[in-house]
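Q: I'm new to this one and would like to learn how to read it. Could you walk me through it feature by feature?

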Amino acid sequence: MGIALAIYYITPWIRWDRGPNLPDQAVLVDIANRRFFFFMVEIWPHEFYFIAGLLIMAGLGLFLFTSAYGRVWCGYACPQTVWTDLFIQTERWIEGDRNARVRLWNAKWDARKWRLRLTKWVVWLLIAVLTGGAWVFYFTDAPTLLRNLLTGNAHPVAYTTIAILTATTFVFGGFMREQICIYACPWPRIQAAMMDENTLTVAYRDWRGEPRGKIHKDEPTRSDGGLKGDCIDCMACVNVCPMGIDIRDGQQLECITCALCIDACDEVMDKIGKPRGLIDYMALQDETNERAGQPPKPLLRHVLRPRTLLYFTLWAGIGVALVVALFLRSPFDLNVTPVRNPLS
Ligand code: SF4
Ligand code: SF4
């Protein structure tokens, strides 16, 4: 979350000296002059194939990572996830941990509840404004635009864009959260076609955890010759899940592979003195092997397989072609010279 947010907010403020009469913003979509600047690279409309190539690479990259690691994009890098995480973190700072938030939710609207809620909404709104504000800085010189925005002299399009992005960030990150992933985003439906029995996803070792149930201190579980499984039914994995699902029910469309349930369960296993990994990154094939008492396949053999190698080859091929095309570009020179004694 920190890395993704830092890249988004800081990038428009990086300066890059290109010489006189050229903008010094490292990353700039200069719509007015129909140019795109990315550090030392400058792309003109007739070179749009570079952008097309980058978009194809982004698509193939998504295929590559999804077939190897499941929905890592959704769990770690998607703006909806990143901003929802930030909003949840803010909520936690202001209203307290989950139990405190549940108590606040059920409490009547007294002064304390109003104070906490209003503080949270104001902070969310501030984050939303900064998010919308950062976006417009990518399209014109950031320091100049900031000055114009603050003095009321910016173009109405800038204010409108900021207003729209502020509203969407506030509503999507603060209130709709997982509903966007489940009902509005097409990616969960498409990704199923890219995953197979070798894809690593988050899974629960039910053969180790079941039958679940509370255990007394020092009560043996099945791994120590007892009757119960290692899952003590503490619900920690369910409580941390941003999608509101129970991974113990098996793989579900809603799971964004964020691995928060792995961390939560590992903490519980540490406390009760059981091995970590009751919930873990696992491929479907490993589940079958482990149930049969066989060791799981080495991680590299899950990642390096024909499908991922094909995606990588295509991805890298396009990348190399773009770099070669970039260095083979010849600048266009135009000389205008006077002609002496022209024929009339
Ligand atoms: S966190 Fe682990 S022990 Fe607790 S309910 Fe989830 S799977 Fe069971
Ligand atoms: S089930 Fe686990 S990995 Fe999946 S979304 Fe919930 S917390 Fe994240």
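Q: Let's start with a ligand. How many residues surround ligand 2, and which are the closest?
A: Keep in mind that this is a predicted model. To read a ligand site, look for the residues around the molecule, then ask what kind they are. Here, ligand 2 has 14 residues around it, and the closest are C241, I247, C255, C258 and C261. Sorted by class, that shell has 13 nonpolar residues, one polar and no charged.

Q: Which residues are closest to ligand 1?
A: Same approach. The closest are C231, C234, A236, C237 and C265, out of 15 residues that surround ligand 1. The class split for ligand 1 is eleven nonpolar, one polar and three charged.

Q: Which helices each supply at least two residues to the shell around ligand 1?
A: For this, trace the shell back to the elements it comes from. Helices α12 (236-240) and α13 (260-272) each supply at least two. The one that gives the most is α13, with three residues.

Q: Now the strands. In what order do the three strands of the open sheet lie?
A: With a sheet, read across it from one strand to its neighbour. The order is β1-β2-β3, and the pairing is antiparallel. The edges are taken by β1 (27-30) and β3 (41-43), and each has a single partner strand, so one side of each has no neighbour in the sheet. Neighbouring strands are turned by 10° against each other on average, if you ignore direction.

Q: How many bridges join β1 to β2?
A: Look for residues that face each other across the two strands. Four bridges join β1 to β2 (residues 35-38), and the two run antiparallel. Take V29, whose bridge partner in β2 is F36. L28, in turn, stands opposite F37 of β2. As a general idea, side chains in a regular strand alternate between the two faces of the sheet.

Q: And how many residues lie between β1 and β2 in their hairpin?
A: There are four residues between them, and R34 in the turn has a positive phi of about 50°.

Q: Let's try helices. At what angle do α2 and α16 pack?
A: For a helix pair, read the angle, the distance between the axes and then the handedness. Helix α2 (residues 49-69) and helix α16 (residues 306-328) pack at about 160°, with their axes 9 Å apart. Angles over 145 degrees count as roughly antiparallel, so α2 and α16 are roughly antiparallel to each other. Their crossing is left-handed.

Q: Which residues of α2 and α16 meet?
A: Among them are F50, I56, L60 and L64 in α2, and Y311, F312, W315 and I318 in α16. The residues of this contact divide into 13 nonpolar, five polar and one charged.

Q: What about α6 and α8: how do their axes cross?
A: Read this pair the same way. The axes of α6 (residues 111-136) and α8 (residues 156-176) come within 8 Å and cross at roughly 135°. That makes α6 oblique to α8. The crossing is right-handed.

Q: And which residues make the contact between α6 and α8?
A: On the α6 side they include W124, L125, A128 and V129, which meet residues of α8 including I162, L165 and F170. By class, this contact has ten nonpolar, seven polar and no charged residues.

Technical notes
Residues numbered from 1 in each chain as written. Chains lettered and ligands numbered in written order. Predicted model: local features only at pLDDT ≥ 70, side-chain atom pairs only at ≥ 80, totals over all residues. Pairing = 2+ DSSP bridges. Axes fitted to C-alpha atoms, helices over the stretch in contact; angles between N-to-C directions. Parallel < 35°, antiparallel > 145°, perpendicular 65-115°, else oblique. Left-handed = near helix turned anticlockwise from the far one by under 90°. Contact = placed C-beta atoms within 7 Å. Nonpolar A, V, L, I, M, F, W, Y, C, P; charged D, E, K, R; others polar. Near = placed C-beta within 6 Å.
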